[in-house]
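Thanks for coming. I will take one chain this morning and go through its architecture; please have the viewer open.

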Amino acid sequence: MRSRFVYSLAVMFALSGIASAQAPKPAVIVQTQPVSRLLAEFKEMIRQVGGTAQGDAMVKEFEKSLKDGLGEKGFDGLDINRPLAIYAVLKEKAEESGLVFVVPVTTEKDFLAFLERIEIKAAAVEGKKGLFELDLPDDIPFTKGSHLRITDNGWAYLTLNDGEPTDAKNLVAINDLLDNADVSLASVRLFPGRVPPKLVAGVLDQMDQAAAGLKMFLGGGGGDSKALKVLLEEGPKLVRRYTETGLKEAELASVKFTFDPANGDTVTELSLVPKPGTPLATEIAAMTPTTNRFTGVVTKDAAASLLFKAPLFAKELREIGATNFEEMGADLKDTPIPDKLKPVVAEALKGIARTVKAGKGDVAVAFNGPNADGKFTLVAGLSFEDAAAVEKAIRALAKESDFGKEFEFDVAKVGEVGIHKLPLHRVFPDEAHEKLAKVFGDKPAGAVAFTKDAVFLAFGPGAVDSVKAALEAKPAEAPAVDVTV
């Protein structure tokens, strides 16, 4: 089963349907496929996750939970063959904003019965055909009244937190909510230009006040933790800067989720459409396809793999991340790491801090195999600035430790880069060795190689060959995040 998380930058977007002249334009629109498809594909996801051994049983358990929650009649009252939508028309005061669920129904009577099954009571408003006052469960945090209006064409509008019943002419027509070109399972669209500036300013001010209050509580600057201090100082700046830029320069932001039952692929796609002529548009136009320098870590026989490119595009993110790793490396005293290994771990954390500060964040991890003996090799590659200090610490460990004879340096080379064999199984407690042997073999080999800006590490029967292959591989285009199992 494969899952990809793709950052895409769209330059065109068109909404289908006829615009409504009277209804307000919602700032947020959620669209999903019909309930029948949602159920079918979710069951298939469960089946594929469970595999041949557990899949069918897990699907039956899911079906049972639905029946327990909804009763024998299940989704009766909903038209499960038409799509659903949710939208929000945001107000300057957050407490005055609300949500509108737009749901396809079969008959008024059956839909009201469905609401009863999910613990929502609807009382008819006298003299108003198709209008009902809703009594929501106590755990739904709305302070004002909510209502239901059922239209003649079979759509139910649940207007939550609207206070007084929303006039029918102020309900957004379904054609203005659905994008017929959108084939994703579910999607969320945000229109920054429709978000009230005062609402955003108030939320950002509250965030700043919360950070300032926490700094004061912790002693004026994060207590003894430099990392927390940097987070409280730089985090709000980052959120404010990108929020304000998005409101001014973005036309549309969207998230789409898609599942392919045929091969198990799931794709979550983030899209950002800039306003023409803005600095954001210029920045996006200059971007190139995402690459990962460690794609060679993942072989064709990989049972599982991860490709990841850390989003270190902002100076605040780099500062926060680097400070965290610096602090971790400086404070290993009370950790369970064996004393002999602490110099190596400290140098590794310092190197990761340097790498994050430089804005480099390519990572790949693969679980390759099984081989002819049924064993696997774990191999990883990651960006790493100036790895010489870590290599020096490892060589010092080999000289000083009682298992130094298990280190073998420069057992193979790729160009000028040496590959070293290390007793990585020693890192694990004795009680774990039996379990490790079942997966990686008895006393599995470890291998490591250092370049000026990367570290390659492997553990298992094919450790040395895996590191060698990874060193020889070239960078390639890859999603920002790609997970394969």
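Just after α2, E119 takes a positive phi of about 65°. Helices here are DSSP runs of H or I with at least four residues, strands are E runs of at least two, and both are numbered from the N terminus. This is a predicted model, in which local features need pLDDT of at least 70, side-chain atom pairs count only at pLDDT 80 or more, and totals for chains, interfaces and linings use all residues. Residues are numbered from 1 along each chain as its sequence is written, and side-chain values use heavy atoms, with hydrogens and water left out.

Staying with α2, its buried residues are F111, L112, F114, L115 and R117. Buried means under 20% relative accessible area, exposed is over 50%, and partly exposed is in between, with a 1.4 Å probe and protein chains only. The cover over those residues of α2 includes α1, β4, β5 (121-124), β6, β7 and β8. A contact, for this purpose, is heavy atoms within 4.5 Å.

Take F111 next. Leaving aside residues up to four places away in sequence, F111 touches G77, L78, V103, V105, L148, I150, A156 and L158.

That brings us to the core. A nonpolar core is a set of buried Ala, Val, Leu, Ile, Met, Phe, Trp, Tyr and Cys residues joined through side-chain atoms within 4.5 Å. The largest one has 23 residues, and those with the most contacts inside it are F111, L115, L134, L148, I150, A156 and L158. Two or more residues each come from α1 (35-70), α2 (108-117), β6 (131-135), β7 (146-150) and β8 (155-160). The biggest contribution is that of α1, with 6 residues. A second, separate core has 21 residues, including L307, A447, A470 and L471.

Now, how enclosed is β8, and which residues cover its two faces? For β8, 6 of the 6 residues are buried, so the strand is largely enclosed by the rest of the structure. W155, Y157 and T159 are buried on one side, and A156, L158 and L160 are buried on the other.

As for its partners, strands count as paired if DSSP finds at least two bridges between them. Strand β4 (residues 99-104) is joined to β8 by 6 bridges, and the two run antiparallel. V102 stands opposite Y157 of β8. On β7, 4 bridges lead to β8, again in an antiparallel arrangement. Y157 in β8 is also the bridge partner of R149. The hairpin of β7 and β8 has 4 residues between the strands, and G154 in it takes a positive phi near 85°.

One residue from elsewhere: A389, in helix α9 (residues 388-400). At 27% relative accessibility, A389 counts as partly exposed. Its C-alpha atom is separated from that of G351 by 8.3 Å, although the two residues are 38 apart along the chain.

Finally, the chain as a whole. There are 11 helices and 21 strands. The C-alpha atoms fill a box of roughly 90 × 55 × 45 Å along the principal axes. Of the 485 residues, 39% are buried. Among contacts between residues at least 6 apart in sequence, 66% join residues at least 24 apart. The chain exposes about 26800 Å², with carbon and sulfur atoms supplying 57% of it; areas come from the Shrake-Rupley method with a 1.4 Å probe, and for residues only the protein chains shown count as cover.
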